[in-house]
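Dear colleague,

I am passing on a structure that you have not yet seen, and I set out below what was found in it. Please have it open while you read.

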Amino acid sequence: MNVITATFNKTIKEFLREKSVLFWTIVWPIIWVLIGSFTFVSEAKKEVIPYIRGSITISMMTFALTLAGMANLPGNISRDRERGLLAKLKSMPVSPWKDFVGRILGLVAFSCLASILVILAGIACGARFSGTIVSVFQCIIFLLIIFFASAGIGLIVGTIIKHVQGAVMTGVGISVVTASISGLFAPYWSLPPMLQRFSRVYPISSANSSVIYLLLGKSYTGYNPLSVNQVTATVILSFLLFVVGLILYSKFCWRKG
């Protein structure tokens, strides 16, 4: 338990100390909330503007979670490799899973902070939602799916790329590109058919659409993402990414010698 606590404290402190982490994970999504809330709604009817802002806010909260998992996590892993910390831990009687749990819990705490700040920024800009208490709890499940998918990709990146800058920039690149082509930065209905299919398959955009659907309705997603087949595929792909990332991390980052 001491190892988990120590890793958690180290991870969360490093996230909060790094200006680049704070910018990409919190400030950047908030900037997009501000831009979207006052630029992309100019031609919309007055009564739907608060809900469009709500949709933008949810997408940027998803983007913040994506950046946390895909960029911050691999950067944290690569930084420990460059410092030689993982090499020291491998020579000690420390279980990889304890380090992993502490690292993931630190990421969860930081991701929650980023999500709350993005939501508060959206509400301050006039974002409104129309979900029920039940739908809010359902949304939490889909946000966890986003977290696990993002963390899985982050573990893969952090395992393959050993240097901090390379790991962070690769994670940021994957986050931005996938967000751009999966409907986080543009409405689903504006995407070409091929990218619409990708948006429904990609677990992060699929879960994001599910959250928007639950809190705002079909008008703001462009389709119903809560079909049994899509939800099942989203859950399976998310946890598959996470499991693959975990296996690679435990096998190669903790390999002796």
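How many residues does helix α1 have, and what does it reach from its first C-alpha to its last? Helix α1 (helices being DSSP runs of H or I with at least four residues, numbered from the N terminus) covers residues 2–17, which is 16 residues, and reaches 22 Å, close to the 22 Å expected at 1.5 Å a residue. The model is predicted, with local features needing pLDDT of at least 70 and side-chain atom pairs pLDDT 80 or more, while totals for chains, interfaces and linings use all residues. Residues are numbered from 1 along each chain as its sequence is written, and side-chain values use heavy atoms, leaving out hydrogens and water.

Within α1, the residues I4, T7, T11, I12, E14 and F15 are buried (under 20% relative accessible area with a 1.4 Å probe, protein chains only, whereas exposed means over 50%). Seen down the axis of α1, these buried residues fall within an arc of 160 degrees (taken from the directions from the axis to the C-beta atoms), so they line one face of the helix. The face turned away from that buried side carries the exposed residues N2 and R17.

There are also pockets to look at (open sets of points on a 1 Å grid over the protein atoms alone, with protein on both sides within 12 Å along at least five of seven lines; lining residues have an atom within 4 Å of a point). The largest pocket has a volume of about 590 Å³, and α3 gives the most to its lining, with five residues.

With regards

Terms used: On a 1 Å grid over the protein atoms alone, a cavity is a set of points where a 1.4 Å probe fits but cannot get out, and a pocket is an open set with protein on both sides within 12 Å along at least five of seven lines; lining residues have an atom within 4 Å of a point. Grid points are joined across faces, edges and corners, and a volume is the space filled by probe spheres set on the points. Helices (H or I, at least four residues) and strands (E, at least two) are DSSP runs, numbered from the N terminus. The expected span of a helix is 1.5 Å times one less than its number of residues.
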